[in-house]
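Please open the model in your viewer and keep the selection panel at hand. The tour goes from one selection to the next.

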2 protein chains.
Amino acid sequence: MSPIKAIQQFVSLSKEEIAEIASLFEKKEIVKGGRFLEYGKICDKVGYIESGSLIFVKHDSEGNQIATDFLFDGDWVSYYNSLLLEIPSDVDIICNEDCVIHVLTKSKLELVYESFPKMERLGRMLAEHAFIDLAKRSSNLQKLSGKERYLDLMQRKSIVLEKIPQYYIASYLGIQPQSLSRIRKKILG
Amino acid sequence: MSPIKAIQQFVSLSKEEIAEIASLFEKKEIVKGGRFLEYGKICDKVGYIESGSLIFVKHDSEGNQIATDFLFDGDWVSYYNSLLLEIPSDVDIICNEDCVIHVLTKSKLELVYESFPKMERLGRMLAEHAFIDLAKRSSNLQKLSGKERYLDLMQRKSIVLEKIPQYYIASYLGIQPQSLSRIRKKILG
């Protein structure tokens, strides 16, 4: 799907509006292992994932990589913490496979809000989603066991199992890769 | 300030729009100790605080009260976690003094978005603020010392010191009330 099709799911646009907004996106192809956003840079863009999958990766003090989010085709990608506060990103956003992403810079996004006030709905939806994801992750890490977090992730994003390496899934759940194998075996068998 | 004045700071409205939107708010007076939102209820409203101050309070497993947020006149109040996900609130939102709050129910808020698409900006701003607050609090609790969290809170909301009981401030910072006294003495002296 194109970003315009995705926007049209919750904002109705005229032909002229579609043409103008579409012209502000830039289509980027990023190969597997490439970065949509680099650690230490200020995030100044949002993107619509046409194809591929991405992993948000933090580095702990011992140099381990910890996955904090997974995104797939049809998702919007940005790092809200850095985008809104204009502070350097504490994550890398890494392409887990070859990706096609339609990128809208922050300045063009603001232009969209100014020119087409109804497009504020896109901003509201993105911010609300970012909030919900953050709130769920904080709460799950505090309250659920490793197995419960696994089941919750599977329910929300079963595609994760197909696409994302085990190492990243385990780190996202806050458990050891061996524990993840045990949990999976128990559930399957 | 009225909620309409607050909205006009970032959305320009005609006289007719002002009249229509203003009519959807309901002015509520809640006495000190009363609740804007009760634990266990689903939050179905946002409010604009004309006067007074409010404390978000969680109860831990040992029955202790832990403050998770403070709001003051001029702030918007809602519990996004419960509002967006439609799950029961895990906090009480308690009036720390007599409050005047202009309340907009969720159904009327949705009506506002439908009727006046530019009002989506209000929704975007509220969601972005909720996100920033949550992200900062999560990050501060993980990374900063008690003293650093105190300084950060003072910098962001120095009014907290004037208005909020010490017990709640200490619980918000994740420290003992005695530690808060020590930190304050050190900083002052």
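How many bridges join strand β4 to β5(B) in chain B? Select residues 53-59 of chain B, which form strand β4, and then β5(B): seven bridges join the two, and they run antiparallel. Helices (H or I, at least four residues) and strands (E, at least two) are DSSP runs, numbered from the N terminus. Strands count as paired if DSSP finds at least two bridges between them.

Before going on, note that this is a predicted model, in which local features need pLDDT of at least 70 and side-chain atom pairs count only at pLDDT 80 or more, while totals for chains, interfaces and linings use all residues. Residues are numbered from 1 along each chain as its sequence is written, chains are lettered from A and ligands numbered from 1 in the order in which they are written, and side-chain values use heavy atoms, with hydrogens and water left out.

**First sheet, chain B**

Stay on β4 and pick Phe56(B); the bridge partner of Phe56(B) in β5(B) is Asp69(B). Now widen the selection to the open sheet of four strands, ordered β2-β7-β4-β5 in chain B with antiparallel pairing. β2 (35-37) and β5 (65-72) of chain B are the edge strands, each with a single partner strand, so one side of each has no neighbour in the sheet. On average, neighbouring strands of this sheet are turned by 30 degrees against each other, direction ignored.

Add residues 166-173 of chain B, helix α8. This helix lies across β4 and β5 of chain B and runs at about 105 degrees to β5(B). Axes are lines fitted to C-alpha atoms, for helices over the stretch in contact, and angles run from 0 to 180 degrees between N-to-C directions. Contact means heavy atoms within 4.5 Å.

**Second sheet, chain B**

Next, select the four strands of another open sheet, β1-β8-β3-β6 of chain B, again with antiparallel pairing. Here β1 (26-30) and β6 (76-77) of chain B stand at the edges with a single partner strand each, so each has one side without a neighbour in the sheet. Five bridges join β1(B) to the antiparallel strand β8, residues 99-105 of chain B. Zoom in on Ile30(B), which is opposite Cys99(B) in β8(B). Helix α4 (residues 106-115) of chain B lies across β3 (45-51) and β8 of chain B, at about 65 degrees to β8(B).

**Both chains**

Show chain A as well. A turn of 180 degrees and a shift of 0.0 Å along the axis lay chain A on chain B with an RMSD of 0.0 Å, the copies being superposed by least squares on the C-alpha atoms of residues with pLDDT of at least 70 in both. The two copies are thus related as by a two-fold rotation axis. Select Arg124(A): its C-alpha is the nearest to the axis in chain A, at 1.9 Å.

For the interface, 23 residues of chain A are in contact with 23 residues of chain B. The chains bury about 2100 Å² between them, 68% of it on carbon and sulfur atoms; buried area is the accessible area (1.4 Å probe) that two parts lose on being put together, summed over both. Glu120(A), Arg124(A) and Phe131(A) supply 29% of the area that chain A buries against chain B, more than any other three residues.

**Salt bridges**

The rule finds six salt bridges across the interface of chain A and chain B, a salt bridge being a side-chain nitrogen of Lys or Arg within 4 Å of a carboxyl oxygen of Asp or Glu. Select Glu120(A) and Arg121(B), whose side chains form one (2.6 Å, N to O). Then add Glu114(A), whose side chain meets that of Arg121(B) in a salt bridge (3.2 Å, N to O). That pair crosses from helix α4 of chain A to helix α5 (residues 120-143) of chain B.
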